[in-house]
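Reader: I am a first-year student and would like a close look at a single part of this structure. Please take me through it slowly, with the terms explained as they come up.

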Amino acid sequence: MSNDLIPADQRSLWIRGLYMLLMALILQLCGTLLFVLAVIQFLLSLLTKAPNMRLTDFSRSLGRYLQQIAWFLTFASEELPFPFNDWPSSGV
């Protein structure tokens with residue numbers, strides 16, 4: 001059976017849909033990770049009276065990653081987020 005029955009733009013839309021499913025799963029995992037990081041950061045702040053800067057930097061880059069996923073899922077961007085591109089920097 002030939003792929004000529006499905007137009008190329010329709011095929012690429014289905015492929016994007018598969019990527020969207022994958023990125024939606026990653027979004028859910030990262031949301032859980034963000035919650036865990038927030039709890040750990042809170043507990044560390046209680047103990048040390050200051051936030052952990054390494055966790056803060058990672059949290060910033062995780063936030064940018066979540067933004068990239070949201071943009072991809074809502075068609076605001078055509079660029080695939082990590083693991084298909086580089087991990088975002090913390091921007092500091």
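Is Gln41 buried or exposed, and what is found around it and along the helix in which Gln41 lies?

Author: Before the details, please note that this is a predicted model, in which local features need pLDDT of at least 70 and side-chain atom pairs count only at pLDDT 80 or more, while totals for chains, interfaces and linings use all residues. Residues are numbered from 1 along each chain as its sequence is written, and side-chain values use heavy atoms, with hydrogens and water left out.

Gln41 is buried, because its relative accessible area is 14%, and buried means under 20%, whereas exposed means over 50% and partly exposed is in between, with a 1.4 Å probe and protein chains only. The residue lies in helix α1, which covers residues 8-48; helices here are DSSP runs of H or I with at least four residues, numbered from the N terminus. Leaving aside residues up to four places away in sequence, Gln41 touches Pro51, Asn52, Leu55 and Thr56, where contact means heavy atoms within 4.5 Å.

One of these neighbours, Leu55, also belongs to the largest nonpolar core, which has 12 residues in all, including Met20, Met23, Ile26, Cys30 and Leu37. Such a core is a set of buried Ala, Val, Leu, Ile, Met, Phe, Trp, Tyr and Cys residues joined through side-chain atoms within 4.5 Å. The elements that give two or more residues to this core are α1 and α2 (53-73), and α2 gives the most, with 6 residues. In soluble globular proteins, nonpolar side chains tend to be buried together. Met20, which is a member of the core, touches Phe72, Leu73 and Phe75 when residues up to four places away in sequence are not counted.

The residue just before Gln41 in the numbering gives another picture: Ile40 is also placed in helix α1, but it counts as partly exposed because its relative accessibility is 37%. Together with Phe35, Val36, Val39, Phe42, Leu43 and Leu46, Ile40 forms a nonpolar patch on the surface, with about 660 Å² of accessible area together. A patch of this kind is made of residues with over 30% relative accessible area and no salt bridge, its nonpolar side chains (Val, Leu, Ile, Met, Phe, Trp, Tyr) being joined within 5 Å, while patches of like charges are joined within 9 Å. The areas come from the Shrake-Rupley method with a 1.4 Å probe, and for residues only the protein chains shown count as cover.

Elsewhere on helix α1, the side chains of Arg16 and Glu78 meet in a salt bridge, at 2.9 Å from N to O, the term meaning a side-chain nitrogen of Lys or Arg within 4 Å of a carboxyl oxygen of Asp or Glu. This pair links distant parts of the chain, since Arg16 is in helix α1 and Glu78 in the segment after α2, 62 residues apart. Arg16 is buried, with a relative accessible area of 7%, whereas Glu78 is exposed, with 59%.

Helix α2 has a salt bridge as well, for Asp57 forms one with Arg60, the closest N and O atoms being 3.4 Å apart. Both residues lie in helix α2, 3 residues apart, which is about one turn of the helix. Asp57 counts as partly exposed at 32% relative accessibility, and Arg60 is partly exposed too, with a relative accessible area of 38%.
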